[in-house]
Amino acid sequence: MLVLSRKLNETIVIGDNIRVTLLGIEGDKIKLGVDAPKDIKVFREELLEATKSTNKQALDAPIVSFDLSKIKKANDPEDGGSGKNG
C-alpha cells in the first residue's frame, strides 16, 4: 500500500484521469473529492461489502415458486365465475 500525506486542497493523480483531492478536515474525518470518468466505478468500501453480503444472503435464501396457471380467478367469467365480487 502506498501511503501519501496531503495538505488541504492538495491532489493525488491516479493514472491519467483520476484525481483525488483533500477537500476538508473535520475532527477525525477528512473529506475527499474524487474526479474520475463516468465509466470508473467509485464506491465506499463499507457499502460495497454490505451489498456483497446482502447479495450472498439472497443467493442462499430458499427459492419459492408458484404455478399461477393452476389458480383460477373467482370473478373471471371465462372460467365460470360470476364476474362479480362477493
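Let's start with strand β3, residues 29–35, because of all the elements it gives the most to a nonpolar patch, with three residues. The patch sits on the surface of this predicted model. Its members are Leu8, Ile25, Ile30, Leu32, Val34, Ile40 and Val42, and together they have about 640 Å² of accessible area.

Pick out one of those members, Ile25. You'll find Ile25 in strand β2, which covers residues 18–26. Is Ile25 buried or exposed? Its relative accessibility is 55%, so Ile25 counts as exposed, since the cut-off for exposed is over 50%.

Now, how do the strands fit together? β2 and β3 pair in the antiparallel sense, over seven bridges. For one example, follow Thr21 across to β3, where its bridge partner is Gly33. These two strands form a hairpin with two residues between them, and Gly27 in that turn has a positive phi of about 65 degrees.

On to strand β1, residues 11–14, which also pairs with β2 in the antiparallel sense, here over four bridges. Val13 stands opposite Arg19 in β2. Again we have a hairpin, with three residues between β1 and β2, and the turn holds Gly15, whose phi is positive at about 65 degrees.

Let's step back to the whole protein. What order do the elements run in from the N terminus? It goes β-β-β-α, so to speak three strands and one helix. Of the 86 residues, 7% are buried. The protein exposes about 8400 Å², with 54% of that supplied by carbon and sulfur atoms.

Note on methods
Residues numbered from 1 in each chain as written. Predicted model: local features only at pLDDT ≥ 70, side-chain atom pairs only at ≥ 80, totals over all residues. Heavy atoms only, no water. Buried < 20%, exposed > 50% of the residue type's maximum accessible area, 1.4 Å probe, protein only. Areas by Shrake-Rupley, 256 points an atom, 1.4 Å probe, with all protein chains shown as cover. Patch = residues over 30% accessible without salt bridge, like charges linked within 9 Å, V, L, I, M, F, W, Y side chains within 5 Å. Salt bridge = Lys/Arg side-chain N within 4 Å of Asp/Glu carboxyl O. Pairing = 2+ DSSP bridges.
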